[in-house]
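Hi,

Here is the structure I promised to pass along. Please have a look at it first, and then read my notes below.

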Amino acid sequence: MKHRLAQGMAGWRRRRAAFTLVEMLVVIAIIMLLMGLLLPVLGRVKEQARKVRARSEVRQIELAWKAYLQDHRKWDFAAGSVMQMGPAEVTRLRGQNTKGIAYMEFEAASLNPAGAFVDPWYRDETRTPNNIYQVRLDDNFDNVVVAGPYGPVMRAVAAWSRGADGLDNTPATQRDDVRSWD
Ligand SMILES: [Ca+2]
């Protein structure tokens with residue numbers, strides 16, 4: 001009786017082990033299939049989140065500079081030379097208005113080591129100087145600003161992110177850009 005039981009247990013263990021191996025392979029195959037389906041979706045979701053963040057930030061940049069101009073009545077620096085949200089521009093917008101409030105708040109994570117304001121693509125992966133927010137200020141007060149490669153835009157401030165590719169020099173590389181005037 002004891003012997004038969006032991007034999008039965010051994011057989012069960014063998015069958016159980018073989019079955020577990022097949023099961024494991026099936027589970028691995030299913031996981032790989034699911035990952036293959038999910039990863040591109042996750043990538044698209046992340047990319048969409050970066051665009052939403054960038055859109056909010058280019059609008060904040062535009063509003064902050066407009067508020068700055070309203071308070072100072074003129075640009076109290078060489079506005080025509082401002083090309084991007086570098087350390088000097090970040091420092092200016094961090095300055096307080098007449099009500100004692102900064103024109104714009106910057107999280108530490110959104111600044112690069114030099115203190116420039118960088119877009120979500122820089123923060124997440126690319127980390128190239130190309131992913132610093134671009135900005136142009138209307139330095140002759142005609143309410144038209146030449147927004148770099150896009151040409152004239154009817155407003156006092158234009159701000160944009162060059163998007164995932166970090167470029168804005170051709171129609172193709174401009175397609176993923178996020179612009180404050182869109
Ligand atoms: Ca681009």
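**The sheet and what packs around it**

Three strands make up an open, antiparallel sheet, in the order β1-β4-β5. Its edges are β1 and β5 (178-179), each of which pairs on one side only. Do keep in mind as you read that this is a predicted model.

For orientation, the protein chain holds 4 helices and 5 strands, and from the N terminus on the elements follow the pattern α-α-α-β-β-β-β-α-β. Of its 182 residues, 24% are buried. Taking contacts between residues at least 6 apart in sequence, 53% join residues at least 24 apart.

Back to the sheet. Strand β1 (residues 134-137) and strand β4 (residues 157-161) are joined by 4 bridges in the antiparallel sense. Two of the partnerships are easy to find on screen: Q134 has W160 as its bridge partner in β4, and R136 has A158.

Which residues of β1 point to one side, and which to the other? Q134 and R136 are on one side, V135 and L137 on the other. In a regular strand, side chains alternate between the two faces of the sheet. What I liked here is that both faces of β1 are covered, with all four of those residues buried.

Some of these residues turn up again in the largest nonpolar core, which has 27 residues. Those with the most contacts inside this core are I61, Y133, V135, V157, A158 and A159. The elements giving it two or more residues are α1 (2-72), α3 (120-124), β1 and β4, and α1 gives the most, with 6 residues.

A159 is a good place to see how these pieces meet. Beyond its neighbours within four places in sequence, A159 is in contact with V58, I61, E62, Y133, Q134, V135 and S180.

S161, also in strand β4, is worth a visit too. Is S161 buried or exposed? It is buried, because 30 other C-beta atoms lie within 10 Å, and the cut-off for a buried residue is 20 or more. Leaving aside neighbours within four places, S161 is in contact with A54, V58, D119, Y133, D177 and V178. V58 and Y133 are thus on the contact lists of both S161 and A159. S161 and E57 are 104 residues apart in sequence, yet their C-alpha atoms are 9.1 Å apart in space.

Happy to go through any of this with you.

Best wishes

Notes. Residues are numbered from 1 along each chain as its sequence is written. This is a predicted model: local features need pLDDT of at least 70, side-chain atom pairs count only at pLDDT 80 or more; totals for chains, interfaces and linings use all residues. A residue is buried if 20 or more other C-beta atoms lie within 10 Å of its own, exposed if 12 or fewer, and partly exposed in between; C-beta atoms are placed from the backbone. Two strands pair if DSSP finds at least two bridges between them. Two residues are in contact if their C-beta atoms, placed from the backbone, lie within 7 Å. A nonpolar core is a set of buried Ala, Val, Leu, Ile, Met, Phe, Trp, Tyr and Cys residues joined through C-beta atoms within 7 Å.
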